[in-house]
Amino acid sequence: MRRRGVGAGAIAKKKLAEARYKDRGTEIAADQLAQMSKQLETFQKHLEEFATKHKDDIRRNAEFRRQFQEMCAAVGVDPLASGKGFWSEMLGIGDFYYELGVQIVEVCLATKPRNGGLIMLDELRERIAGKSKARQDVSNDDLLRAIKKLKVLGSGFTAIPVGGGRYLVQSVPGELNMDHTTVLQLAEGSGFVSESSIVNKLRWEKERAQRVLDHMVKEGLAWVDAQATEGRQYWFPALFPDPAG
């Protein structure tokens, strides 16, 4: 016998059922989104109440400020995103990072003749703390956040990790590539490297090592000691002990 095909009515019923399921799914998703939005509004309201209550601690205590920033990030709030609004008016937190950014630029410009535009984050913090007249603590976390805002401006500022939670701050245009960063990490303990130390420890070809060193000397980031008894050494002023410390 010839099998009867599915009737038009059955097809219509199936499509109607699918449409109803789709509408119901959209309705559920909309309800969930509304609930999440309401929860987020509640979190942000509580965050504002917390900030109002603890504004002095947020301004003056670096660790408290870091934890507050993490709380903000958890609910999608960036107190530094705008110079206006609740966060700026209530906490002055935008002003704090703006002023810190200005101090970072001043210190980097003042030390550039010595270090070529590279400075350890710890030295930067100590120099800023030494010249600050405010009662606010400044932490490395504060500096990294301020540098991130400076970087957005295309001003050449960036933080380069050199291992062990330590950073070098670059304040001159032109990004350092991975080879340059790796050599800086190698020099971080002693303050210098040589072509042979790069070749032996990083297993690089001599041409690659020398190309990186030549570039860093050209950019003023490294000084050459041609009188070293063990061969030419390349010193990085940014890794010298802070003479002001």
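In the predicted model, Ala 159 stands opposite Val 169 of strand β3. The two strands concerned, β2 (residues 158-163) and β3 (residues 166-170), pair in the antiparallel sense, and five bridges link them. Two residues lie between the strands of this hairpin, where Gly 164 adopts a positive phi near 65 degrees.

A second region of pairing involves strands β4, β5 and β6. These form an open sheet of three strands in the order β4-β6-β5, with antiparallel pairing. Because β4 and β5 (223-225) stand at the edges and each has a single partner strand, one side of each is left without a neighbour in the sheet. From one strand to the next, the twist averages 30 degrees. Strand β5 is joined to β6 (residues 233-235) by three bridges, and the two run antiparallel. Within this pair, Trp 223 stands opposite Trp 235 of β6.

Helix α10 lies across β4, β5 and β6, and runs at about 45 degrees to β6. Residues 206-218 make up α10, which is also among the elements covering the buried residues of helix α9. Other elements included in that cover are α8 (178-187) and β4 (192-194). Helix α9 itself spans residues 195-202, and its buried residues are Ser 197, Ile 198 and Val 199. Arg 203 follows α9 and has a positive phi, near 60 degrees.

Terms used
Residues numbered from 1 in each chain as written. Predicted model: local features only at pLDDT ≥ 70, side-chain atom pairs only at ≥ 80, totals over all residues. Heavy atoms only, no water. Buried < 20%, exposed > 50% of the residue type's maximum accessible area, 1.4 Å probe, protein only. Helix = DSSP H or I, 4+ residues; strand = E, 2+ residues; numbered from the N terminus. Contact = heavy atoms within 4.5 Å. Pairing = 2+ DSSP bridges. Axes fitted to C-alpha atoms, helices over the stretch in contact; angles between N-to-C directions.
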